[in-house]
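Load the structure in your viewer and show the backbone as a cartoon with side chains available on demand. The tour below goes from one selection to the next.

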Amino acid sequence: LQDPAVYWDFFQCMKELIKLIHPFYARVDDVDNAVTLMDRTKERRFVPDYIQQIYWGNYFGSMHCNHYGMDKIEKIPASNVEKIGDGVFFSLTDHVLEYNTRECKQARRRVKKYLKK
């Protein structure tokens with residue numbers, strides 16, 4: 001993902017898959033970091049009914065957009081926010097390799113606080 005062409009292709013592929021399969025939720029993060037973040041929730045498994053954690057990249061499908069309100073989701077305080085299909089994808093920083101930076105951690109806290117309002 002350090003190669004800009006590969007990076008662009010990866011995200012274009014992800015966006016096309018989202019449009020094709022209409023997932024209710026998707027995440028993009030380093031696997032080890034994602035496991036660590038999930039462990040912090042003290043939950044043992046993924047639950048589709050609510051947002052358990054905020055990862056570097058997050059796609060909220062129509063179920064979550066309806067729950068929070070599309071207006072609110074489209075204004076989420078994140079680096080990149082893009083409507084895709086019937087949901088919204090957002091990332092916490094400009095590049096996925098920044099998944100564990102101080103900037104990313106601050107953005108995660110900001111988004112969590114925003115979603116609790």
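**Stop 1: His22**

Select His22, which is partly exposed, with a relative accessible area of 48%. The residue belongs to the loop between α1 and β1 (25-28). Check its backbone torsion: phi of His22 is near 50 degrees, a positive value in a residue other than glycine.

This is a predicted model, so colour it by confidence before going further. The protein chain has an average pLDDT of 93, and 100% of the residues score at least 70. Helix α2 (residues 31-40) has the lowest confidence, with a mean of 91, while strand β4 (residues 87-91) has the highest, at 97.

**Stop 2: the loop between α2 and β2**

Move to Lys42, in the loop between α2 and β2. Lys42 is another residue to check for its torsion: its phi is positive, about 65 degrees, although it is not a glycine. With a relative accessibility of 71%, Lys42 counts as exposed.

Now select Thr41, which is also in the loop between α2 and β2. Is Thr41 buried or exposed? Thr41 is buried, at a relative accessible area of 18%, and the cut-off for buried is under 20%. To see what touches Thr41, show Gln52 and Gln53: Thr41 is in contact with both, leaving aside its neighbours within four places in sequence.

**Stop 3: helix α2**

Select α2 and show its side chains. Asn33, Ala34, Leu37 and Met38 are the ones to colour as buried. They cover an arc of only 135 degrees around the axis, which places them on the same side of α2. Turn to the face pointing away from that buried side, and you find the exposed residues Val31, Asp32 and Asp39. The cover over the buried residues of α2 includes β1 and α5.

**Stop 4: helix α5**

Go on to helix α5 (residues 102-116). How far apart are its end C-alpha atoms? They are 22 Å apart, in agreement with the 21 Å that 15 residues should span at 1.5 Å a residue.

Which residues of α5 are buried? They are Cys104, Ala107, Arg108, Val111, Tyr114 and Leu115. These residues lie on the same side of α5, because they cover an arc of only 130 degrees around the axis. Rotate to the other side of α5 to find Arg102, Arg109, Lys113 and Lys116 exposed.

Next, show what the buried residues of α5 pack against: α2, β2 (57-60), α3 (62-68), α4 (70-74) and β4. While Tyr114 is on screen, add Lys72. The charged end of Lys72 sits over the ring of Tyr114, 5.0 Å from its centre.

A second arrangement of this kind can be found by selecting Arg27 and Tyr55. Here the charged end of Arg27 sits over the Tyr55 ring, 4.7 Å from the ring centre.

**Stop 5: aromatic rings**

Select the aromatic side chains. How many aromatic pairs does a search of the whole structure find? It finds nine. In one of them, Phe11 and Phe89 have ring centres 6.3 Å apart and planes at 55 degrees, so the pair is tilted. Phe11 lies in helix α1 (residues 4-21) and Phe89 in strand β4, so the pair ties together parts that are 78 residues apart in sequence. Phe11 counts as buried, at 9% relative accessibility, and Phe89 is buried too, with a relative accessible area of 6%.

Then compare Phe60 and Tyr68. Their ring centres are 6.4 Å apart and their planes are at 20 degrees, so this pair is stacked. Phe60 is buried, at a relative accessible area of 0%, whereas Tyr68 is partly exposed, at 21%. Widen the selection to Phe24, Tyr25, Phe46, Phe60, Tyr68 and Phe90 to see one aromatic cluster.

**Stop 6: Asn66**

Finish with Asn66 in helix α3. Asn66 is exposed, with a relative accessible area of 64%. Draw a distance from its C-alpha to that of Gly87: the two residues are 21 apart in sequence and 9.2 Å apart in space.

Conventions: Residues are numbered from 1 along each chain as its sequence is written. This is a predicted model: local features need pLDDT of at least 70, side-chain atom pairs count only at pLDDT 80 or more; totals for chains, interfaces and linings use all residues. Side-chain values use heavy atoms; hydrogens and water are left out. pLDDT is the predictor's confidence in each residue, from 0 to 100. Helices (H or I, at least four residues) and strands (E, at least two) are DSSP runs, numbered from the N terminus. The expected span of a helix is 1.5 Å times one less than its number of residues. Buried means under 20% relative accessible area, exposed over 50%, partly exposed in between (1.4 Å probe, protein chains only). The arc is that of the directions from the helix axis to the C-beta atoms. Contact means heavy atoms within 4.5 Å. Rings of Phe, Tyr and Trp (its six-membered ring) pair if their centres lie within 6.5 Å; planes under 30 degrees apart count as stacked, over 60 as edge-to-face and the rest as tilted. A charge sits over a ring if NZ of Lys or CZ of Arg is within 6 Å of the ring centre and within 35 degrees of the ring normal.
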